Amino acid sequence: MKYILTLLFAGALGLSQAQNFQGIATYKTSTSLDLKMDSSAVSGDQQAMVMKMLNQYLQKEYTLTFSKTESIYKEVEQLEQGGFPGMDILGTVMGTGGIFYKQVKDSRETRQMEFFGKEFLIKDTLEALDWKLGKESKTIGSYTCFKATAETEVVEKSISTSADDEEIEEEEEKKIVTITAWYTPQIPVNQGPDEYWGLPGLIMEVNNGSTVILCSQVVLNPKEKVAIEEPKTGEEVTRKEFKEIATKKMEQMKEMYGGGGSRGGNSGIKIQIPD
């Protein structure tokens with residue numbers, strides 16, 4: 001009986017430790033955009049400078065603080081970087097910054113973000129991808145990772161602005177893209193960066209065709225516990241409602257700046273946004 005009680009106590013202790021399990025993963029992101037500029041208005045040197053600034057702007061660092069059931073994904077604050085015409089619009093459309101909370105136990109998410117000076121709280125059900133698990137593996141850091149793929153529909157937005165940033169044109173095209181993820185069963189949580197989750201191990205790398213998210217560091221059970229708290233402030237809307245608000249705002253901007261046309265040459269940028 002003493003032997004059985006000891007085993008039960010050890011099992012309960014292990015369960016308690018699993019419930020309190022926590023980790024912090026650091027990710028670096030890199031996004032490639034299709035940038036087209038009017039060569040008659042912008043020299044080759046100017047285009048190279050713009051591309052350099054754009055690449056710097058799109059290289060972000062995030063932290064994912066996670067437990068077995070919930071996580072917080074947020075950008076690491078950096079010093080302000082120089083911009084170029086259309087940069088503010090690009091950042092707004094891509095929804096950079098903010099805080100993304102996922103509760104995988106209840107399959108729900110909350111994204112807190114600022115949009116044109118107003119804070120929103122976007123609450124909705126977590127969207128699950130239909131992952132196909134593969135046998136291919138590779139090492140990321142000190143972790144053995146396995147490949148998984150999924151297909152999803154995205155909206156490819158084409159945004160054009162004039163050289164003086166006073167005119168905007170926007171087009172949309174729906175397309176199917178393949179997402180490739182690498183996860184490690186050595187960290188047995190179904191968490192991952194940004195909206196990615198649902199694999200039998202922490203997602204260490206994601207490539208959706210335009211953006212690569214790569215884990216550069218993982219700290220398991222840090223000495224100082226970090227609270228994983230769902231954001232509370234902002235106007236509460238659903239994902240669909242926020243999309244309608246964003247679309248309406250972009251329409252207002254196009255009307256404000258005179259729709260299309262050309263002043264000193266146009267620049268165009270294509271980005272992919274999950275539908």
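Asn207, at the end of strand β11 (residues 202-207), stands opposite Val212 in β12, and this pair is a good place to begin reading the model, which is predicted. Strands β11 and β12 run antiparallel and are joined by 3 bridges. Together β11 and β12 form a hairpin, with 3 residues between the two strands. Within that turn, Gly209 has a positive phi of about 100°.

Strand β12 (residues 211-220) also pairs with strand β1 (residues 22-31), and these two strands likewise run antiparallel, with 9 bridges joining them. One of the facing pairs here involves Lys28, which stands opposite Leu214 in β12. Strand β12 is therefore bridged both to β1 and to β11, and for reading any such strand it helps to remember that in a regular strand the side chains alternate between the two faces of the sheet.

Positive phi values also occur in loops, in residues other than glycine, as the table shows for Ser107 and Asp194.

| Residue | Phi | Loop |
|---|---|---|
| Ser107 | near 55° | between β5 (99-103) and β6 (108-115) |
| Asp194 | near 50° | between β10 (168-184) and β11 |

Is Ser107 buried or exposed? The answer lies between these two words, because its relative accessible area is 29%, and a residue counts as buried under 20% and as exposed over 50%, so that Ser107 is described as partly exposed.

Conventions: Residues are numbered from 1 along each chain as its sequence is written. This is a predicted model: local features need pLDDT of at least 70, side-chain atom pairs count only at pLDDT 80 or more; totals for chains, interfaces and linings use all residues. Side-chain values use heavy atoms; hydrogens and water are left out. Two strands pair if DSSP finds at least two bridges between them. Helices (H or I, at least four residues) and strands (E, at least two) are DSSP runs, numbered from the N terminus. Buried means under 20% relative accessible area, exposed over 50%, partly exposed in between (1.4 Å probe, protein chains only).
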